[in-house]
Amino acid sequence: GPHTHGSPLVEHLHIETVANMYPGRLVKRDTTDNDIEVCGAAGNYEGWLGYSEAAPEFKPADRTTIYVVDAFAPVHKGGGFRVRASIADGQNITKGERLMSAAAGELVTWVAATDEAVAIADESVDNSGGASHAIWVQSLI
């Protein structure tokens, strides 16, 4: 992730905290409005960390390679587009299911009382026995 379809708003922001900063992860504001870090559960997520729109000097080798600290990276937001996101280990997701933010900027099954849904699954992925896994979703943010 993420490949995108649709027309997200794209803002290039500074990676201040590099932990788990893989394309497709949810990100949030860090120290200033121009800084980002990966979002956790129930965070103030800004959008999805992009890949293809990254400037060549900041772009990771591939979509499974982490960004480096102080890179400027594209963040997709605005809703109504598809994005290649990441679901957490242990999740068995069904197409059409609502998903919410979890640790490390990944997605888990939406629990209404806990937080808002950030995406709708565009495919079924059984990840109940593996590490994090890519999934196509429709962004709601």
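**Reading a predicted model, one feature at a time**

Modeller: Let's start with one residue: leaving aside residues up to four places away in sequence, Q91 touches L107, V108, T109, V125, D126, N127 and S128. Keep in mind that this model is predicted.

Colleague: Thanks! Where is Q91 found, and is Q91 buried or exposed?

Modeller: Q91 is found in strand β8, which spans residues 91-93. For burial, the idea is to look at relative accessible area, and under 20% means buried. Q91 has 16% relative accessibility, so Q91 counts as buried.

Colleague: Which backbone atom lies 2.9 Å from a polar atom of the Q91 side chain?

Modeller: That is the backbone nitrogen of T109. T109 is also on the list of residues that Q91 touches.

Colleague: T109 makes me curious about its strand. How do I read the pairing there?

Modeller: Look for bridges between two strands, then ask in which sense the strands run. Strand β10 covers residues 107-109 and pairs with β9 in the antiparallel sense, over 3 bridges. Within that pairing, L99 stands opposite T109.

Colleague: Which other strand is joined to β9 by 2 bridges?

Modeller: Strand β11, residues 119-121, is joined to β9, residues 98-101, and the two run antiparallel. There, R98 has I120 as its bridge partner.

Colleague: How many residues lie between β9 and β10 in their hairpin?

Modeller: The hairpin has 5 residues between its strands. Its turn includes A104, whose phi is positive at about 60°, although A104 is not a glycine. A104 is partly exposed, with a relative accessible area of 22%.

Colleague: Where is N20, which also has a positive phi of about 60°?

Modeller: N20 sits in the loop between β2 (9-15) and β3 (26-29). N20 is not a glycine either, and its relative accessible area is 33%, so N20 is partly exposed.

Colleague: Now for the bigger picture. In what order do the strands of the closed barrel run?

Modeller: To read a barrel, follow the strands from neighbour to neighbour. Here the order is β2-β4-β3-β5-β6, making a closed barrel of 5 strands with mixed pairing. From one strand to the next, the twist averages 55°.

Colleague: How many bridges join β5 to β6, and how many pair β2 with β6?

Modeller: Strands β5 (residues 45-49) and β6 (residues 72-77) are joined by 2 bridges and run antiparallel. In that pairing, L49 stands opposite V75, and W48 stands opposite H76. Strands β2 and β6 are also antiparallel, with 6 bridges, and H12 stands opposite P74 in β6.

Colleague: How many residues of β6 are buried?

Modeller: The count is 5 of the 6 residues, so β6 is largely enclosed by the rest of the structure. One residue in this strand is K77, which is buried with a relative accessible area of 17%.

Colleague: Which side chains make polar contacts with the side chain of K77?

Modeller: The side chain of E11 does so at 2.5 Å, and the side chain of E46 does so at 3.3 Å. Beyond residues up to four places away in sequence, K77 touches P8, L9, E11, E46, G47 and I141. You can also compare sequence with space: K77 and S7 are 70 residues apart in sequence, while their C-alpha atoms are 9.0 Å apart.

Colleague: What about rings: how many aromatic pairs are there?

Modeller: The count comes to 1 aromatic pair. It is made by F58 and F72, whose ring centres are 5.8 Å apart and whose planes meet at 55°, so the pair is tilted. F58 belongs to the loop between β5 and β6, and F72 to strand β6, so the pair ties together parts 14 residues apart in sequence. F58 is partly exposed at 25% relative accessibility, and F72 is partly exposed at 38%.

Colleague: Last one: which charged residues lie over rings?

Modeller: Check the charged end against the ring centre. K59 has its charged end over the ring of Y51, 4.9 Å from the centre. R82 lies over the face of W136, at 4.3 Å from the ring centre.

Definitions and conventions
Residues numbered from 1 in each chain as written. Predicted model: local features only at pLDDT ≥ 70, side-chain atom pairs only at ≥ 80, totals over all residues. Heavy atoms only, no water. Pairing = 2+ DSSP bridges. Helix = DSSP H or I, 4+ residues; strand = E, 2+ residues; numbered from the N terminus. Axes fitted to C-alpha atoms, helices over the stretch in contact; angles between N-to-C directions. Buried < 20%, exposed > 50% of the residue type's maximum accessible area, 1.4 Å probe, protein only. Polar contact = N/O pair within 3.5 Å; in protein donor to acceptor, adjacent residues only side chain to side chain. Contact = heavy atoms within 4.5 Å. Phe/Tyr/Trp six-rings, centres within 6.5 Å; stacked < 30°, edge-to-face > 60°. Lys NZ or Arg CZ within 6 Å of the ring centre and 35° of its normal.
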